Amino acid sequence: GSRSPMHRPTLDRAAELREESGVIDRLRGETSTRVIAVRDGRVRVTDDLLVRVAPTEPVDATWALLGRDESGTPLLLAALPAESASIDAAPDETWLGLRDLGARLPAQESEILIEALALAAWLRDAPFCPTCGGGTEIRQAGWSRRCLVCGRDHFPRTDPAVIVAVESRDGERLLLGANANWGGRMYSCFAGFVEAGESLESTVHRELAEESGVRLSALRYVSSQAWPFPRSLMVGFRAVVDDEADARADGEEIVDVRWFTRAEITSSLAGEGPVGLPGHASIARALIVDWLEA
């Protein structure tokens, strides 16, 4: 099975509390409540655990309810302005983002981190109504906004994207591409956003045709991963190529495509070459490992 970074959730999102009037103020007044502070897409981490602070510590924050952790402790989000002073005078370098953390965090901590980063980004980036441009007020404990002008309700967006591990017909080689943004140094699975009116499967076929020139068969879903940059949901697939000789880079987004043997993938995962592969926090690496261990 897949070694996706995701897992059965341990965080109770406590959706029933979102309708409680004044729930944020109530929880901020309880000494048992703990807060995850997010500033500019980063959080405080100590000993590979998210730093949980008392609800009295953050100031100038936008607040939301994350839920209850596995011990039942209420967790709030304090979304701080990017220019905010650190809430406990901690130096800047102790604030880390998801890419900095990689796979260091335990699964339950990663789950909280990704929820906090995604919700904080929406609270920061969507203060105005996309319908009429009016100001909004935060409702449902940080999970919706209501326009003060036209009255429409708005919710955090999630943009689906597909990511695909493409294998040879005999299953012994994997097709990966080098994105122009990576300077040709790293190879990864092929990915792209779902366009309006597309199914996930249609997106897979279109993206692979566009980026690598191949047609696919035996497409199957593997796993998914929330990826808050700023609000993606990566939907992972495996597929088998129709004709290996069709593979070619589009020359714009993808500068090279290449078939890799199991031995080459094994050595690259170990950091010994011939190429760089995605980091431990990504579903791309999980899909590659899933293929290698199949």
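Right after helix α4 comes Gly213, and its phi is positive, near 75 degrees. This is a predicted model, so read every number here as computed from predicted coordinates.

Helix α4 itself covers residues 200–212, which makes 13 residues. From its first C-alpha to its last, α4 reaches 18 Å, close to the 18 Å expected at 1.5 Å a residue. Which residues of α4 are buried? They are Thr203, Val204, Arg206, Glu207, Leu208, Glu211 and Ser212. Arg206, Glu207 and Glu211 are worth picking out on screen, since these three are among the buried residues of α4. As for what sits over them, the cover includes the strands β10 (159–167), β11 (173–179), β12 (190–193), β13 (216–227), β14 (232–241) and β15 (254–261).

Now for helix α3, residues 107–125. Its 19 residues should span 27 Å at 1.5 Å a residue, and the end C-alpha atoms are 27 Å apart, which agrees. Is α3 enclosed or not, and how many of its residues are buried? The count is 14 of the 19, so α3 is largely enclosed by the rest of the structure.

Gly213 has company when it comes to positive phi. Two residues other than glycine also show it: Asp40, at about 55 degrees, and Gln140, near 50 degrees. Asp40 is in the loop between β1 (34–39) and β2 (42–46), while Gln140 is in the loop between β7 and β8. Both are partly exposed, Asp40 at 45% relative accessibility and Gln140 with a relative accessible area of 27%.

The Gln140 loop leads into a small piece of sheet. Strands β7, β8 and β9 form an open sheet of three strands in the order β7-β8-β9, with antiparallel pairing. The edge strands are β7 (136–139) and β9 (153–154), each pairing on one side only. In general, strands of a sheet pair through backbone hydrogen bonds, either parallel or antiparallel. Here β8 (residues 144–147) runs antiparallel to β9, and two bridges join them. To find one of these in the viewer, start at Arg146: its bridge partner in β9 is Asp153.

What about disulfides, how many are there? Searching the whole structure turns up zero. The sulfur of Cys129 has its closest cysteine sulfur in Cys150, at 3.8 Å, which is too far for a bond, given that a disulfide needs the two sulfur atoms within 2.5 Å. Cys129 is also buried, with a relative accessible area of 3%. Cys189 is buried too, at 7%.

Here are the single-residue accessibility values side by side.

| Residue | Relative accessible area | Class |
|---|---|---|
| Ile265 | 1% | buried |
| Cys129 | 3% | buried |
| Cys189 | 7% | buried |
| Gln140 | 27% | partly exposed |
| Asp40 | 45% | partly exposed |

Ile265 deserves a closer look. It sits in helix α5 (residues 262–269) and counts as buried at 1% relative accessibility. Which residues does Ile265 contact, leaving aside its neighbours within four places in sequence? The list is Leu174, Leu176, Phe260, Leu277, Ile288, Trp291 and Leu292. Another link across the sequence is with Arg173: the C-alpha atoms of Ile265 and Arg173 are separated by 9.0 Å, although the two residues are 92 apart along the chain.

Beyond α5, look for the cis peptide bond between Gly273 and Pro274, where omega is about 15 degrees. Pro274 lies in the loop between α5 and α6 (283–292).

Finally, the whole protein. There are six helices and 15 strands. For 294 residues, a compact globule would have a radius of gyration near 19 Å, and the protein has 21 Å, which agrees. Its C-alpha atoms fill a box of roughly 65 × 45 × 30 Å along the principal axes. Buried residues make up 46% of the 294. Of the contacts with a separation of 6 or more, 63% come from residues 24 or more positions apart. The protein exposes about 14000 Å², with carbon and sulfur atoms supplying 49% of that area.

Note on methods. Residues numbered from 1 in each chain as written. Predicted model: local features only at pLDDT ≥ 70, side-chain atom pairs only at ≥ 80, totals over all residues. Heavy atoms only, no water. Helix = DSSP H or I, 4+ residues; strand = E, 2+ residues; numbered from the N terminus. Expected span 1.5 Å × (residues − 1). Buried < 20%, exposed > 50% of the residue type's maximum accessible area, 1.4 Å probe, protein only. Rg over C-alpha atoms; globule rule 2.2 N^0.38 Å. Contact = heavy atoms within 4.5 Å. Areas by Shrake-Rupley, 256 points an atom, 1.4 Å probe, with all protein chains shown as cover. Pairing = 2+ DSSP bridges.
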